[in-house]
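Welcome to a short guided look at a protein chain. Please keep the sequence and the 3D view open while you read.

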Amino acid sequence: MDNAALFASVYAVCEQAAAALAEEPGEAATTPPAAPPRPWRASGSTRARLEPVVAGLAATFHHFDFDPLVPGNGYRSLVKVVHSCLFHIIQKGRYIATNRRKLFFRAPHNAKEMEAYSAALCQLRALLYLAQRLLHDNDQGDLYFQREGGLSDIFAQEYASMHKACFYGRCLGFQFSPAIRPFLQTVVTGLVSFGENYNKHKSLIGVAASSFFTSGKYVVDPELRGAEFERVIQNMDMPFWKAFWNLSETELISGLANIMSAAVQVNRTLSVPPVSFLLPSASDPRVSVTIAPPAAHCGPGPVNMRLISHKLLEGQNSEEMLAFSHAEGTPISVSLGLTKPSPPSPWLLVHFHGGGFVAHTSKSHENYLRSWAQDLGVPILSVDYSVAPEAPFPRALEECFYAYCWALKHCHLLGECCYRFPSTPLRDSTLHLSSLIGGWKQQRPGSSLVGANSVEDHPAPVNTFDVSVGVHRRRVCLAGDSAGGNLGITVAMRAMSQGVRLPDGIMAAYPATLLTTYASPSRLLTVIDPLLPLSVLYKCLNAYAGTEPQTSEQEGAVKTESPAGSSPPSDSAGRGEDPPPWSQACRDPGSENRQAEAPSEGGVLHPPAWDEYPEGFQPLRSEQLAQTCAQSSPVNRDPYVSPLLAPDSMLMGLPPIHIVACALDAMLDDSVMFARRLRCLGQPVTLCVVEDLPHGFLCLQLCKETQEAYRVCVARIREVFSQRHGNADQEARPAEGGNGQERRAPARSGPGIRKAGSWLLEMGRIGSGLCGCAPGRSLPVCSGALYRKPRKDREGRTPQDGQRKKTSRKKDETREVSRMN
């Protein structure tokens, strides 16, 4: 995009709009002659400062992409947001210049619109300066400032003092798709009304009813709505946010969502008692692994889950299953009694819901889970883990891991083909059993598989894979969004350390992989994001990490799991080298004489103002400071809390991970950095970045854009179920009803699939000799001959029979010709 032409258009349009409004009597009457010019009229200094900063970042941000075919990072998102704001200013200015003489033209209203976007542009300019500083001070290739204090504290202080109401009034959601804006206005209006009445009533129903009657004033007055929203996000505590987010759990809202969602025959809640059980080891099925029930913080207790299936499958109506469950809704019990069970599915999807680790259950996510069950045709087990702050880390992880292991052991009750360990040994095999049953532990030259039960800790087992069982067809996929994506990754890490069967793949939608207060360019978007403000994000981090002070023994245990130096390596050199030449392209011309940070007494910077803005510029300030206190704790840096900080040994050997991120999400850099980290370790990983959608789009199936992003997630899950070992050219099957290209419509799919395929091809070559094929021959060619029964036509003939007949006929003809000669 030509930034010079864009800024030239902005200034020309602003001049025309100013001249048009000056002719209006209402505008002239409300603006005294001695009053200073409106902010959007004085654009000369803004052009001189903002344009080179945007151009510098635009020339630099491609260095931080995951791949040239998958453009996406926080710097790119900031530039896109600025461009979006400029486009809205151009559109509004042209509307004013064109329609100023019409009968129903409202000059004061349009003038306020221009002022609101100009105020937003001023605040975005401050964020660009902070992004400049991040670009200059970060390690080369890193998106996060991975040190305590410094820029992270500066960003928190700036957020606390910056004026944010302009982003929640007339400019609410301007960066997102236009189809999302009405929903965001409804959510923000409901939130401010809920906050106004939260302390006036004791019951949640009374608060909701009063909020409905007081919401009208926030609809007609956007400025009041923005100011009240800023007050709410700065002052309300965690119980308030839990109460508001859990409104989606009420019968009214959940009932309306179920009416619009797909119909399913099975929707049952399960309560699994806390009982230990045994699972066979992934490396040696003759060895058992004890799975203990979750006991952290709350003691042993049942684990709640929800089973959703589009059709009733064998085992889901058994007496053993009914002992764990009870039905929800009248149609379910009727269908269980009258519907004949279908054959079990070879696939199982284990789901972990989002909600910032502090709110929601599977009931809030039931809308898209029902659609998944219909589109994929698989049973879905969604885990209702305990939430913080009542049950901080590691309670949620323990419950999710226990539920995953319970699903492996009781898959026959969930509608999946029961897993059986064979007994016929196959010799001369170099592919370990853990790879065949989903372990994905690849034994490559020079690689180390480290873990509690890694291949190096145990001798290579005798391969007991029986070709008649067809274990390769039984697949388990983990899926989760936001906090659920974090839990899906850490459950796989926990399974690898415990030595149990790993899932065949993970689909993580906009996951949180770094639960620290480190600053990054995408986290600067929390200033303008109505769904994920920085103050609320910090409250969730504090709740999940636990607010109670830790004892020295607990701190020592955490440090043992998260050793020093476990931070992810950058793609280039460290801080010892000079910054790359392209990092100087983003330096603002007016801020060359930048001074070092000067901490005050005690090493704490004095809020609120940051003294490194260019001379003559300061962002708009809020009347009261926001509460953005995030307690630094070793728990936040634990590998099972922040997988991005995990050592290499805990990430090598993970199953293929498919990440679907949002370009305008504050967690975008979490996804990009984690995908780059896995790629550097040679792990199979793909990344999709969808455009113009907010965090949590899976729960917002309201428009075409969110439905396309939904199909991307379905395609990634389908890819896990349909993947073949060693097939480098295997592509994900399109979503049902699509044309094969729909999953790429809102995203730019990069070569992550091809990289994962090449890794699997290498894995297949390592396993050559398993069925007597020549070395170097890929595994799927052999697996197709060994494990797949050939299809027969109506007369009972197979394609191989026809091929044999053709070969025999050619041989007979050759012999006849030889005899005649």
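## A helix with two sides

On the other side of helix α8 from its buried residues, I205, F212 and F213 are exposed. Here, buried means under 20% relative accessible area, exposed means over 50%, and partly exposed is in between (1.4 Å probe, protein chains only). Helices (H or I, at least four residues) and strands (E, at least two) are DSSP runs, numbered from the N terminus. The buried residues of α8, which covers residues 204–214, are G206, V207, S210 and S211. Seen down the axis of α8, these buried residues fall within an arc of 135°, so they line one face of the helix; the arc is that of the directions from the helix axis to the C-beta atoms. An α-helix has 3.6 residues a turn, so residues three or four places apart point the same way. What covers the buried residues of α8 includes α7 (181–197).

## Where the model comes from

This is a predicted model: local features need pLDDT of at least 70, side-chain atom pairs count only at pLDDT 80 or more, and totals for chains, interfaces and linings use all residues. Residues are numbered from 1 along each chain as its sequence is written, and side-chain values use heavy atoms, with hydrogens and water left out.

## The whole chain

The protein chain has 27 helices and 11 strands. Of its 821 residues, 58% count as buried. Take contacts (heavy atoms within 4.5 Å) in the protein chain between residues at least 6 apart in sequence: 80% of them join residues at least 24 apart. The chain exposes about 34,300 Å², and carbon and sulfur atoms supply 55% of that area; accessible areas come from the Shrake-Rupley method with a 1.4 Å probe, and for residues only the protein chains shown count as cover.

## An enclosed helix

How many of the 13 residues of α23 are buried? The number is 11, so α23 is largely enclosed by the rest of the structure. Among the buried residues of α23 are L668, V672, F674 and R677. The buried residues of α23 pack against α4 (74–99), α19, α22 (648–651), β10 (657–662) and β11 (685–690). The length of α23 (residues 668–680) can be checked too: at 1.5 Å a residue it should span 18 Å, and its end C-alpha atoms are 19 Å apart, which agrees. The expected span is 1.5 Å times one less than the number of residues. Just after α23, G682 takes a positive phi of about 80°.

## Unusual backbone angles

Most residues other than glycine have a negative phi, and most peptide bonds are trans. The table lists some exceptions.

| Site | Backbone value | Place |
|---|---|---|
| A388 and P389 | cis peptide bond, omega about 0° | P389: loop between β7 (380–384) and α16 (395–409) |
| F393 to P394 | cis peptide bond, omega near 10° | P394: loop between β7 and α16 |
| H297 | positive phi, near 65° | loop between β3 (288–291) and β4 (303–309) |
| S482 | positive phi, about 60° | loop between β8 (475–481) and α19 (483–498) |

Is H297 buried or exposed? At 54% relative accessibility, H297 counts as exposed, whereas S482, at 12%, counts as buried.
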